[in-house]
Amino acid sequence: MSPNRRTRKLAPALASSPPYEVSSVQRVPLDAVIATAELEQRPTRAPDFESESRALVGLMRAVREADTSVLQKLAETALRLCRAQSAGVSIEEEAAGRRVFRWHGAAGRWAPLRGGVVPRDFSPCGTVLDRNTPVLMKHPERHFALPHADTLPITETLLVPFAADGATVGTVWLGLHDESRQFEREDLRLLTSLSECASLAHQALERNSKMRVALVKERGDFALLREISAALIRENDINALYEQILEAATSIMLSDCASLQMLRDGKLCLLGWRGFDAHAVRYWQEVRANSTSACGRALSAKERVVIADTERCEVLAGTADLAEFRRSGIRSVQSTPLTSRTGELVGILSTHWREPQTPAAGELRLFEVLARMAADLIERARTEQAMREADRRKDEFLAILSHELRNPLAPITTGLELLRRPSNKPELVGSIHLMMSRQVSHLTRLVNDLLDLSRITRGKVELQRATLELRVVIEAAIDLARPLIDQRGHDLIVEQPVRSPCVDGDLERLTQVVSNVLGNAAKYTDPGGRIHLRVSQEGGQTLIRVRDSGLGIPAGQLEQVFAMFAQIPEHRARAGGVGLGIGLALSRRLVELHGGTIVATSEGLGQGSEFLIRLPLAAAAEASDEITRPNADDAHGIWQRILIIEDNVDAADSLRAGLESQGHTVRTARTAPEGLGMVEEFSPEVVLLDIGLPEIDGYEAARRLRSRLGSDVRLVAVTGWGQERDRERAREAGFDAHLTKPVTLEALAKVLRRTVSRVA
Ligand code: ADP
């Protein structure tokens, strides 16, 4: 018995978890127990290659078959070949926060200790790993504790390191417990070759067990996916389905948190989450679709965004998102966009980890399947929501319809009652008649709209197409909307190119569209507002913009206003509850039948709205005879902003009254400087300029106006001088037209029509 056994407290029993806590140990120095150099001096036996190769073949077979007891077989083989009294294979690992050696194989006298662990500090194996070289020790218990108080002390132990994937991970060792023999160089050679075997065996086993773990996980993940796909058909509770998706997301990605967002009105709205605290839920409740967060970026890039380490992500640096990640302990994120079967982005499925992470390819493949299901689920939720919404709108529509029908019916019923009285005076009968016919035409309009809608929905509308100058459509639409615009005291500004774009369209239907949009602008703008109609050309399209200074449309409803029966509740009260909510739905269908589009924009409630109609230009816009043009003699034209500079007050006032009666917006000035002072604020489209003015004459004024306003303004000379010479001079001064006094409104209307302001 070694003298040290009496003086030191021994390490407790070898256990499956490290129980060691050795105190007051008196150790001899490590070098005092190491005797590796002695091996060179000792005589050694000749190699027995036959037994050695038999043993190695046996071991390799066990490795090939991935026999889990291969390390035990290795210990037994080492024991036999080296004629040792104990042998084992120890591999370093972590247990309960400490580095330990687990005895994966143990044979001979210490065989019962197989499977247990020894703390690294108490094991000669630690020395071998530190030095990464074979070591011979004599009575190692003089420096290390014995693995068990009752275990046999060791007279000699020979250990060699073994490596896996290029790193030393454990040892193969031999032990002798009495003085009957000593280890030789041949034992070291054999042990080294067996260690290489151990290395192979270890790697094979590791790989095997990792694969087994991955397989088990994959099988579990597939089961989860199968369950979800069955639940998608069976389950009615959509929230329970979100939960299942999130559970599968965390399970597949082995993540700490997960979130599911739905794209709604340009925002990502949180539908469900896992692992988020209340603060995180509030923070991520709504994310703008164009934000720089991982989910926002995944949405705009239409592809997965992985942030492997939030602390090293440049885009995140200094953002509130990073602060929130830090607060909730998130270190990595991946966000996968969810695409519907029609290719539309509908949401984002994200997972989050508390450690830096890059998801493995296999996990991402399974996650793709989950993302497909999540997209289907969101699509289903959206469809259900849309159906509920359509149902609600239809109910609302029926209520509005009965109200709108009852409105004209009430006066008609009263009218009928009154007409039955024999004593009615003819004037009264006349006015009752007028009232009834007004109400009947209102009813007819309602019914026509409804019929149109039903015909269009069933694809029964046929366009009567012809090549039209768009100006014809605009003028007809203005004529229709004019009474309401005037009644509400709005200022209508119309801008059209001098050369009207031509479209291949149905005059009546396009007029219906533009007058509906204009009528809406008048209806949904408080009295005294401003409506701006602008026609322009862009590429192969003509653009009709109708902008108003009215009630505006909330961002979330810009698309909805085109849905059937859609009305913005706040507007009904403000605009006096007129309409059925089908005008824009009809307009959109009609524009689409023409191969065009119509969209609405608005900065929000109270900020005015703009409706933009795009129509393809007619292919043969030059086929002059076929084109439907406005009647050139028609005194009504496009309403313009006109500045009259005329020193004769009576002439100016009569001209102004005439032009205003035609709908133009007119300002007058007595002198050229006064007129020039007004152009900034009034921004006239046409200036009617007298030539014989005091201070600055008409020619000079024309030159200055042209240099101030460029080619956008139309300059018309109104003068008593009508010689060719005078006309020539006017042209040189920059006038577009020349009229000789006295000017008739008809002559003026013709000139104005020819000089409708040019739009770029
Ligand atoms: P309605 O018969 O109600 O006018 P529409 O289909 O023409 O039906 O329009 C649908 C809804 O869109 C309207 O009820 C109104 O709330 C909104 N809307 C349409 N045009 C405008 C506009 N120029 N400004 C503000 N809101 C508008």
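On a 1 Å grid over the protein atoms alone, a pocket is an open set of points where a 1.4 Å probe fits, with protein on both sides within 12 Å along at least five of seven lines. A molecule sits in one if more than half of its atoms lie within 2 Å of its grid points.

Quick ground rules: this is a predicted model, where local features need pLDDT of at least 70, side-chain atom pairs count only at pLDDT 80 or more, and totals for chains, interfaces and linings use all residues. Residues are numbered from 1 along each chain as its sequence is written, and side-chain values use heavy atoms, leaving out hydrogens and water.

**Exercise 1.** Work out where the ligand sits and what surrounds it.

*Solution.*
1. Start with the site: the ligand is in the largest pocket.
2. Now the shell (residues with a heavy atom within 4 Å): 21 residues surround the ligand, and Asn520 and His571 are among the closest.
3. Sort them by type: 10 are nonpolar, nine polar (Gly counts here) and two charged.
4. Helix 15, a DSSP run of H or I with at least four residues, gives the largest share, four residues.

**Exercise 2.** Find polar partners for the ligand's oxygen atoms, using N or O pairs within 3.5 Å.

*Solution.*
1. A polar side-chain atom of Asn520 is 2.8 Å from a ligand oxygen.
2. For His571, a side-chain N or O atom also gives 2.8 Å to an oxygen of the ligand.
3. Gly581 uses a backbone N or O atom, 3.0 Å from a ligand oxygen.

How values were computed:
A polar contact is a pair of N or O atoms within 3.5 Å; within protein, one must be able to donate a hydrogen and the other to accept it, and residues adjacent in sequence count only if both atoms are side-chain atoms. On a 1 Å grid over the protein atoms alone, a cavity is a set of points where a 1.4 Å probe fits but cannot get out, and a pocket is an open set with protein on both sides within 12 Å along at least five of seven lines; lining residues have an atom within 4 Å of a point. Helices (H or I, at least four residues) and strands (E, at least two) are DSSP runs, numbered from the N terminus.
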